[in-house]
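Biologist: Please take a close look at the metal site in this model. I would like one connected account of the site and its surroundings in the chain.

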Amino acid sequence: MADFYQTLGVSRQASADDIKRAYRKLAMEHHPDRNASPDAEARFREVTQAYEVLRDPEKRDLYDRYGEAGIRRGAGTGFGMGGFGFADAFDVFMREFGGGSPFEEIFSTRRRSGPRRGRDAKVRVRLTLGEAASGVKRTLRARLLDGCERCSGSGAEPGTSPVACETCGGRGEVRSVQSSLLGQFVSVHPCPRCGGEGRRIETPCAECRGQGRLQKEKRITIDVPPGVSSDDFLRLSGRGNAGPKGGPQGDLLVALEVEEDPRFERHGDDLVHNLAVTFSQAALGDQLTVPTIDGTAELEIPAGIQSGQALRLRGRGMPKLRAQGRGDQIVRVLVWTPARLSSEQRETMERLAELEDAAPEPDTKQPGFWERVKQAFSA
Ligand SMILES: [Zn+2]
Ligand SMILES: [Zn+2]
């Protein structure tokens, strides 16, 4: 993980204002709405996470002294197990650039005149790992701005209609020409009278007060495709808030939160499952049933397997998001040592100890043996 100061491109002595300025600039640059490059979203998350730490004097102090470990230890910092996902980054972003800022205009309208597009709306969907694997349909309720039925979204009282703005002649923009030594400059501004819409409402609709839209509780059905993770979000285009005065709907952003499953560690599309076996199973081999994300699988434990050795169930991991195929399930075999022995077991073990004629010989030629053992201990 990169240094947070480097991520924001500021010095360690940077003031709170410097940090805020640097974040705003980078967030604008990397917001996935504006930047189509495939790593924009990851960059956006990174800069937002760095900003969340450095903008808070207490967290910044912890970070300066102990690095990222200090942040993880601090209570309530939001840097726990789940990590810093797109949803978190988006929340920060909305807080920083919230309603009515010029920034919002950049996103919500690309046209200079005519009805503006509505704001994007955001919902969160929590899924189990199993649901993330199978894909799921969810219906949820959200308060969204929806077109007013009384005026069909026009904002004008039924029976009346908007009139063209006299100031800009319906164009929504006004030009001013300035002469200077270097020549003439023409600058174009949104019309101040109609706010760039080109039309004016003389008799506003009584229901929506001329806005053409109203807050409503809506039921939204969301299809989550198989293979998502907490880093993903879905964009349902045209299903967010209605724009003012009949403007097109913004998008609906669905932030996904995939819960952890105690049976599996997820590594991309692969799932790691820890399987405890007895010493005799490891020595003699066995046929076992192990859980998979969508059921169970039969697994052949070869005789003489070492603790920490991994077996692979091909194609039994997570489905690849919007692609063919699935990852693997990796079963990490851990030899379990009984803490108590019955007297009969003890006698048998003692007999076995007498029969053992060699010290353990780890296969050190095989790379990664000790890594696997370490992994097994830390699991
Ligand atoms: Zn209305
Ligand atoms: Zn106008």
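Modeller: The account below deals with the zinc site. This is a predicted model, in which local features need pLDDT of at least 70, side-chain atom pairs count only at pLDDT 80 or more, and totals for chains, interfaces and linings use all residues. Residues are numbered from 1 along each chain as its sequence is written, ligands are numbered from 1 in the order in which they are written, and side-chain values use heavy atoms, with hydrogens and water left out.

The SG atoms of Cys165, Cys168, Cys191 and Cys194 coordinate the zinc ion (ligand 2) at 2.3 Å. Donors here are N, O and S atoms within 2.8 Å of the metal (3.2 Å for Na, K and Ca); water is not among the atoms, so sites may look incomplete. Angles among the 4 donor atoms of the zinc ion (ligand 2) run from 100 to 115°, and the site is tetrahedral, a label that requires four donors with all angles between 85 and 135 degrees. The ideal angle for four tetrahedral donors is 109.5 degrees.

Along the chain, the donors of the zinc ion (ligand 2) have the spacing C-x2-C-x22-C-x2-C. Cys165 sits in the loop between β3 (163-164) and β4 (173-180), and Cys191 in the loop between β5 (183-190) and β6 (199-200), so this pair ties together parts 26 residues apart in sequence. Strands are DSSP runs (E, at least two residues), numbered from the N terminus. Cys165 and Cys191 are both buried, meaning under 20% relative accessible area with a 1.4 Å probe, protein chains only.

Methods. Tetrahedral: all angles 85-135°; square planar, octahedral: opposite > 155°, others 65-115°. Helix = DSSP H or I, 4+ residues; strand = E, 2+ residues; numbered from the N terminus. Buried < 20%, exposed > 50% of the residue type's maximum accessible area, 1.4 Å probe, protein only.
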